[in-house]
Amino acid sequence: MADIIVSNVSKSFGDREVLHSVSFSVRSGDFLSITGESGSGKSTLLSVMGGVLRPDAGTVTIGKEEITSLPEKKLALLRRTSIGFVYQFFNLVPTMTVRDNILLPLRLAGEKIKDHQEKLEELAEYTRLTKVLSSYPETLSGGEQQRAAILRALIHNPEVIFLDEPTGNLDSENAKGVMELLTKLNGELGVTVVQVTHSETGASYGNSRISVKDGRIETCF
Ligand SMILES: Nc1ncnc2c1ncn2[C@@H]1O[C@H](COP(=O)(O)OP(=O)(O)OP(=O)(O)O)[C@@H](O)[C@H]1O
Ligand SMILES: [Mg+2]
């Protein structure tokens, strides 16, 4: 059970404070959508929540771990094992097949691919990617590429997955496919989902929502 508690988080870049003492929490099993204008601090907040950026003040706790005070090595391990990250532009390696892209986090972690083969097949089935596993990313539709990026984020069975505008680069049909996949992962596998989205339709899939304005939480429900 990994609730996420964000407590009085502030973050500046240079002399500009981008997050001003932000506090809220996400229950384990929630599907939270974060909305807000461009530049309001959504990506910064997501990065701080996922241990990619350290805040200047305040704490983030995921389950029992206060991630903001973990040493870099432990934080890297936590990111590799308990957290999945997905970005707007998929970030798939173009010279690798979809299968190798998905297995990359395991290879980087020095794990035996053999032990995860079955899970890869199951997840590929689940994300409707079985047929394209041996293809290269550029031959896939945007929706397929994003589902592959989501699959890659899931290969370690993370308890929570953070997504920064996962449908920002997709047409409405592919966006719908991605949102339906997230709903399924959340509902059936119990993965906690935290997504940043510009889209009203995208935000409507979640069961809770916060809106960020000028680095502060404007509404929360
Ligand atoms: N690494 C950085 N260095 C300096 N300034 C940054 C950095 N990252 C973000 N900022 C600034 O912090 C502010 C918030 O950025 P952030 O990316 O969190 O906004 P956002 O809400 O995600 O915007 P968008 O919807 O356009 O993605 C912006 O003014 C941005 O220029
Ligand atoms: Mg952003």
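**Figure 1. Surface and overall form of the protein chain.** The protein chain exposes about 10800 Å², and carbon and sulfur atoms supply 49% of that area. The model shown here is predicted. Buried residues account for 51% of the 221 residues in the chain. Along the principal axes, the C-alpha atoms fill a box of roughly 45 × 40 × 35 Å. A compact globule of 221 residues would have a radius of gyration near 17 Å, and the value for this chain is 17 Å, so the two agree. The secondary structure consists of seven helices and ten strands. Of the contacts between residues at least 6 apart in sequence, 68% join residues at least 24 apart.

**Figure 2. Charges and salt bridges in the whole structure.** The protein chain carries 24 positive and 28 negative charges, and the mean positions of the two sets are 4 Å apart. A search of the whole structure gives six salt bridges. The next three views show some of the residues involved, including Arg 54 and Glu 72.

**Figure 3. The salt bridge between Arg 54 and Glu 72.** The closest N and O atoms of Arg 54 and Glu 72 are 3.3 Å apart. Arg 54 sits in the loop between α1 (42-49) and β4 (57-62), while Glu 72 belongs to helix α2 (residues 72-81), so the salt bridge ties together parts that are 18 residues apart in sequence. Arg 54 has a relative accessibility of 30% and therefore counts as partly exposed. Glu 72 is also partly exposed, with a relative accessible area of 44%. The view extends to Arg 79, which is linked with Arg 54 and Glu 72 in a network of salt bridges.

**Figure 4. A salt bridge within helix α6.** The side chains of Glu 180 and Lys 176 form a salt bridge, with an N to O distance of 3.6 Å. Both residues lie in helix α6 (residues 172-189), and they are four residues apart, which is about one turn of the helix. Glu 180 has a relative accessible area of 40% and is partly exposed. Lys 176 is partly exposed as well, at 46%.

**Figure 5. The salt bridge between Glu 200 and Arg 209.** In this pair the closest N and O atoms are 2.7 Å apart. Which of the two partners is buried and which is exposed? Glu 200 counts as exposed because its relative accessibility is 53%, and exposed means over 50%. Arg 209 counts as buried because its relative accessibility is 17%, and buried means under 20%.

**Figure 6. Ser 38 and Asp 214.** Ser 38 is located in the loop between β3 (31-36) and α1. With a relative accessible area of 66%, Ser 38 is exposed. In sequence, Ser 38 and Asp 214 are 176 residues apart, but in space their C-alpha atoms are 9.6 Å apart.

**Figure 7. Positive phi values at Ser 21 and Phe 90.** Ser 21 is a residue other than glycine, and its phi is positive, near 45°. This serine lies in strand β2 (residues 16-26). Ser 21 is partly exposed, with a relative accessible area of 41%. Phe 90, also a residue other than glycine, has a positive phi near 60°. Phe 90 is found in the loop between β6 (83-86) and α3 (98-108). Is the side of the chain at Phe 90 buried or exposed? Phe 90 is buried, with a relative accessible area of 8%.

Key
Residues numbered from 1 in each chain as written. Chains lettered and ligands numbered in written order. Predicted model: local features only at pLDDT ≥ 70, side-chain atom pairs only at ≥ 80, totals over all residues. Heavy atoms only, no water. Helix = DSSP H or I, 4+ residues; strand = E, 2+ residues; numbered from the N terminus. Rg over C-alpha atoms; globule rule 2.2 N^0.38 Å. Buried < 20%, exposed > 50% of the residue type's maximum accessible area, 1.4 Å probe, protein only. Contact = heavy atoms within 4.5 Å. Areas by Shrake-Rupley, 256 points an atom, 1.4 Å probe, with all protein chains shown as cover. Lys, Arg positive; Asp, Glu negative; His and termini not counted. Charge placed at Lys NZ, Arg CZ, Asp CG, Glu CD. Salt bridge = Lys/Arg side-chain N within 4 Å of Asp/Glu carboxyl O.
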